[in-house]
Amino acid sequence: MVKLDRTKDNPWVLKTPPGTAKYTMPVAEKDGIQDLVCTIGSTVLLYDARCIEDLHAMLKEAGDFVELGGADEQKPAKEGTVEAWGRSPTNPVKGWYGLKKGLRGRFGVYHPTFDGTSRSL
């Protein structure tokens, strides 16, 4: 289990899959529920922190290779990708891990690179 102890003052600092942009991801807790606050430039995205464990399990089960995908909320995700899984009614949360209406997409861009250590800068 990934220890979710990163605060606004000590976030994970990560890079997008092509390595071209940095983003931060601290954990915020509200009413006992943890969210990941993904900030890239001036854009702030919120994701259910449960996605870390759930995605890890899905990738282990998939075994070989899962394409990342990556699409805005308003665009369809390519089937069989991490992006499609991150919004699927068959994933463990039965839908979107993204929590900010209008900005729930791009799951396939920001989460597969996240492990809390190896991609930290």
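Contact, as used in these legends, means that heavy atoms lie within 4.5 Å. With that in hand, among the contacts in the protein chain with a separation of 6 or more, 47% are between residues 24 or more positions apart.

**Figure 1. Meet the whole chain, a predicted model with three helices and five strands.** If you follow the chain along its sequence, you will read the pattern β-β-β-β-β-α-α-α. The protein chain has 121 residues, and 39% of them are buried. What area does the chain expose, and what share of it comes from carbon and sulfur atoms? The exposed area is about 7200 Å², with 52% supplied by carbon and sulfur. The close-ups that follow visit charged pairs, cysteines, aromatic rings and the nonpolar core.

**Figure 2. D72 and R106 join in a salt bridge.** The side chains of these two residues come together with a distance of 3.0 Å from N to O. This pair links distant parts of the chain, with D72 in the loop between α1 (51-62) and α2 (82-85), and R106 in the loop between α2 and α3 (107-110). Along the sequence, D72 and R106 are 34 residues apart. Are the two partners buried or exposed? D72 is partly exposed because its relative accessible area is 29%, a value that falls between the limits of 20% for buried and 50% for exposed. R106 has a relative accessible area of 32%, so R106 is partly exposed as well. A search of the whole structure finds six salt bridges, and the next close-up shows two others, both involving E73.

**Figure 3. E73, K101 and R104 are linked in a network of salt bridges.** Start with E73 and K101, whose closest N and O atoms are 4.0 Å apart in their salt bridge. E73 sits in the loop between α1 and α2, while K101 sits in the loop between α2 and α3, so this salt bridge ties together parts that are 28 residues apart in sequence. Now look at the other partner of E73: in the salt bridge with R104, the closest N and O atoms are 2.7 Å apart. This pair, too, links distant parts of the chain, as R104 is in the loop between α2 and α3, 31 residues from E73. Which members of the network are buried, and which is exposed? E73 counts as buried because its relative accessible area is 13%, and R104 is buried too. K101 has a relative accessibility of 69%, so K101 counts as exposed.

**Figure 4. C38 and C51 are two cysteines without a bond between them.** How many disulfides does a search of the whole structure find? The search finds zero. C38 is in no disulfide, and its nearest cysteine sulfur, that of C51, is 9.9 Å away. Why is there no bond for C51? The closest cysteine sulfur to that of C51 is the one in C38, and the 9.9 Å between them is too far for a bond, because a disulfide needs sulfur atoms within 2.5 Å. Both cysteines are hidden away: C38 counts as buried at 0% relative accessibility, and C51 does so at 1%.

**Figure 5. W85 and F107 form a tilted aromatic pair.** Five aromatic pairs turn up in a search of the whole structure. In the pair shown here, the ring centres of W85 and F107 are 6.1 Å apart and the planes meet at 45°, so the pair is tilted. The pair links distant parts of the chain, W85 in helix α2 and F107 in helix α3, 22 residues apart. Both rings belong to buried residues. Look around the pair and you will find one aromatic cluster, made of Y47, W85, Y97 and F107.

**Figure 6. Y47 and F107 appear again in the largest nonpolar core.** This core has 22 residues, and L36, Y47, F107 and Y110 are those with the most contacts inside it. At least two residues of the core come from each of β1 (12-15), β2 (22-25), β4 (33-40), β5 (43-48), α1, α2 and α3. Which element gives the largest share? The answer is α1, with four residues. Finally, zoom in on Y47: leaving aside neighbours within four places in sequence, its contacts include L36, C38, Y97, R104, R106, F107 and Y110.

Technical notes: Residues numbered from 1 in each chain as written. Predicted model: local features only at pLDDT ≥ 70, side-chain atom pairs only at ≥ 80, totals over all residues. Heavy atoms only, no water. Buried < 20%, exposed > 50% of the residue type's maximum accessible area, 1.4 Å probe, protein only. Phe/Tyr/Trp six-rings, centres within 6.5 Å; stacked < 30°, edge-to-face > 60°. Core = buried A, V, L, I, M, F, W, Y, C linked by side-chain atoms within 4.5 Å. Areas by Shrake-Rupley, 256 points an atom, 1.4 Å probe, with all protein chains shown as cover.
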